[in-house]
Amino acid sequence: EQGTLIAHMARANQQWSAFAEEAEALVIFQGPHTYISPSWYEAHPSVPTWNYMAIHAYGTPRLVEDEDRVRAALRSLVDEHEQGFDVPWTMDLPEEYLRKMLRGIVAFELPITKLEGKLKLSQNRSAPDRERVIAALAESADPLAQDVRAMMDANR
């Protein structure tokens, strides 16, 4: 009902070996995040904090060992991320090379049983403080700070 995460990791990453235990796993999707200085607040005393966006997906991962399914998942992933390029890269690789690369990964599915999202965007501060944070972030050259500013701006 909440979808299935289809993913892979390096075989050298030992985390996949825990999948055999059929225990619940947590996958964290970290969105933009940035430091927030108390000097930007109108009200004092105050302390520094961090504004962020994150999603936690829970489920029990299952290994995908069927090579055709792994290839299809990888092709879908590549196609999704390459579609915006003028000349998209395709997986038209020499078969021997592709098989070698496939041996270096472990594919898995994680049917999502629970999703939790968190937006911490200075909601606990006054409206004037939030405006000051937005203004301060607008001056930053950091792209993550700009993304947080945009989200704060959209959530006014």
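Here is a short conversation about the predicted model shown above.

Reader: I'm new here, so what pattern does the protein chain follow along the sequence?

Author: Welcome! A good start is the inventory: the protein chain holds four helices and five strands. Read along the sequence, these elements come in the order β-β-β-β-α-α-β-α-α.

Reader: What radius of gyration does the protein chain have, set beside a compact globule of 156 residues?

Author: Let's begin with the extent of the C-alpha trace, which is about 60 × 40 × 30 Å along its principal axes. For a compact globule of 156 residues, one would expect a radius of gyration near 15 Å. The protein chain, by contrast, has 21 Å.

Reader: How much of the protein chain counts as buried?

Author: Here a residue is called buried when its relative accessible area is under 20%. The accessible surface of the protein chain comes to about 10400 Å², and carbon and sulfur atoms hold 54% of that. Of the 156 residues, the share that counts as buried is 30%.

Reader: How far apart are the centres of the positive and negative side chains?

Author: The protein chain carries 16 positive side chains and 24 negative ones. Taking the centre of each set, the distance between the two is 4 Å.

Reader: Could we zoom in on S46; which side chain does the side chain of S46 make a polar contact with?

Author: Happily! S46 is found in the loop that runs between β2 (25-36) and β3 (49-59). Leaving out residues up to four places away in sequence, S46 touches P38, Y41 and R125. The side chain of S46 also reaches the backbone oxygen of A43 at 2.6 Å. Its side-chain partner, at 3.2 Å, is R125.

Reader: Is G104 buried, partly exposed or exposed, and why?

Author: You'll find G104 in the loop between α2 (95-103) and β5 (105-120). Buried means under 20% relative accessible area and exposed means over 50%. G104 has a relative accessibility of 34%, so G104 counts as partly exposed.

Reader: Which residues does G104 touch, not counting residues up to four places away in sequence?

Author: A contact here needs heavy atoms within 4.5 Å. With residues up to four places away in sequence left out, the partners of G104 are M9, A10 and R11.

Reader: What distance separates the C-alpha atoms of G104 and E139?

Author: Along the chain, G104 and E139 are 35 residues apart. In the model, the separation of their C-alpha atoms is 44 Å.

Reader: Last one: among contacts between residues at least 6 apart in sequence, what share joins residues at least 24 apart?

Author: Contacts in the protein chain enter this count once the two residues are at least 6 apart in sequence. Among them, the share joining residues at least 24 apart is 74%.

Technical notes: Residues are numbered from 1 along each chain as its sequence is written. This is a predicted model: local features need pLDDT of at least 70, side-chain atom pairs count only at pLDDT 80 or more; totals for chains, interfaces and linings use all residues. Side-chain values use heavy atoms; hydrogens and water are left out. Helices (H or I, at least four residues) and strands (E, at least two) are DSSP runs, numbered from the N terminus. The radius of gyration is taken over C-alpha atoms; the globule rule is 2.2 Å times the number of residues to the power 0.38. Buried means under 20% relative accessible area, exposed over 50%, partly exposed in between (1.4 Å probe, protein chains only). Accessible areas come from the Shrake-Rupley method with a 1.4 Å probe; for residues, only the protein chains shown count as cover. Lys and Arg count as positive and Asp and Glu as negative; His and the chain ends are not counted. The place of a charge is taken as NZ of Lys, CZ of Arg, CG of Asp or CD of Glu. A polar contact is a pair of N or O atoms within 3.5 Å; within protein, one must be able to donate a hydrogen and the other to accept it, and residues adjacent in sequence count only if both atoms are side-chain atoms.
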